[in-house]
Amino acid sequence: MTTPAVFLDRDGTLIEDAGFLRTVDQVQFFPQTFTALRRLRDAFALFIVTNQSGVAKGEITHEQAQTVNNFVVQRLREEGIDIRAVYCCPHERADGCDCIKPNPYFRNRAEREHQIDLARSFTVGDHPCDVELAAGVGASGIYVLTGHGAKHRDELQAPCLVVDDIGAAADAIAVAHAVALLREGGVVAIPTETVYGLGADAMNEAAVERVFRIKGRPTNHPLIVHLGEASQMSEWVREVPDLAATLAERFWPGPLTLILPKSSRVGDWVTGGQDSVGLRVPAHPLARKVLKEFGGGVAAPSANRFGQVSPTTAEHVRQDLGTDVDFIVDGGTCNIGIESTIVSLLSPEPVILRPGGVTQEEIEAALNRRVAVAHAAAVRAPGQLNSHYAPRAAVVLVAPHELEQQAAAMRAAGTKFRILNEADLAPEMLYSALRRADAEGATLILASPPTESGLGLAVADRLRKAAAPRPALE
């Protein structure tokens, strides 16, 4: 089975271009290098391809070039990044060798020796020969403006994407790979400002069914369709009422989901058989790039096993789903940290079905009317089960003045427990705190829910559901 690859230039792309490097103490990595390559390590084979003409010129020895290359590989390995091979051409261009960029010698060697799919691969570098090489082997070229990139930009002839640095290059590769997988019916974890979502093409029934299987989610539990632009809403609903237009204009992109009567194009596999569909335009920049380039709707529940704690980092997704997901777009930590607010617009009076990242007060201000929070609703929507967002540890909710008394009782009983403090109850920290308690081996979590106003309403909702009796399904 073939694997896509990223072929990386060394000097000016991964490390500062400081001329002919003779010793390892001359190596200075760009600040973005480690984070950028960690985003790609799960899906791509990583190679370094470097022209070291200083060897032929007598400026450095072959051994010095190899020592620097070995140090770069070792340093990356220490950061959790595996480089499959370093390909180093020691010649001058006048030598007419086969291995100097942009000749495809090393790319073809990687294809043979490592079963690389060149058509799905990328080349990243700060010289026009890097992107010329990509074009020559059918890969995609990305040109960075670090190193000599800005100096040689006017010399570019091969088609390529121009970006600021290796971090932006990694983002572009992740987006392109995610979009390709979605179009092929794959399942991709995508960061949003709320939590990571497990996404599939909403029009592809088989792909959406796979999302349900991965999560262990009942198929009558509807999914939210994520869009790149608010203007796409009309493609998914029978009509866009004024209330929906007002809320979309005020809160999209952002953590708000609108429930509306679905159009005929929306399959029952997305809506759980209901005549309504939930729509959202997320605000996370990588999610928006994926959605805009994909062009369609992506059905995406949270990227975790059904009923458990939602993921707010790419590592949470890896821990929960492992290799079941085709690719994880690593967008860092979600800055809001709790799911979107869900508002039903199926009747003249809007109703909040799930409190979330947009507060009840903000919605009421936008609509200039009272908007109730439904504790039971006829329409099914994500997050409405009594038990949800649950860690392995039992969650016990107590009044603030009872926390110390309960903690003393737990200590006396020898129970391993964790108290959620005020910082833990911040929306962006809640799920990480629940996961941390599990990682520490706690069997019980004590928490005092916050006041139910502003985002405190959503936090209290998640705590109640985490503390509820758990059915056998979960």
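This report covers two helix packings that involve helix α7 in a predicted model. Residues are numbered from 1 along each chain as its sequence is written. Local features need pLDDT of at least 70, side-chain atom pairs count only at pLDDT 80 or more, totals for chains, interfaces and linings use all residues, and side-chain values use heavy atoms, without hydrogens and water.

Helices are DSSP runs (H or I, at least four residues), numbered from the N terminus. Axes are lines fitted to C-alpha atoms over the stretch in contact, and angles run from 0 to 180 degrees between N-to-C directions.

| Helix pair | Angle | Axis distance |
|---|---|---|
| α1 (residues 33-40) and α7 (residues 166-183) | about 15° | 8 Å |
| α7 (residues 166-183) and α12 (residues 285-294) | about 45° | 9 Å |

**α1 with α7.** The two helices are therefore roughly parallel (under 35 degrees). Their crossing is left-handed (the near helix is turned anticlockwise from the far one by less than a right angle). Thr33, Ala36, Arg39 and Leu40 of α1 contact α7 (heavy atoms within 4.5 Å). Their partners are Ile166, Gly167, Ala170, Asp171, Ile173 and Ala174. By class, six residues are nonpolar, two polar and two charged (Ala, Val, Leu, Ile, Met, Phe, Trp, Tyr, Cys and Pro are nonpolar; Asp, Glu, Lys and Arg are charged; the others, Gly among them, are polar).

**α7 with α12.** This pair is therefore oblique (neither under 35, nor over 145, nor 65 to 115 degrees). Here the crossing is right-handed (clockwise). From α7 come Asp171, Val175, Ala176, Ala178, Val179, Leu182 and Arg183. They meet Leu286, Lys289, Val290, Glu293 and Phe294 in α12. Eight residues of this contact are nonpolar, none polar and four charged.

Asp171 of α7 takes part in both contacts.
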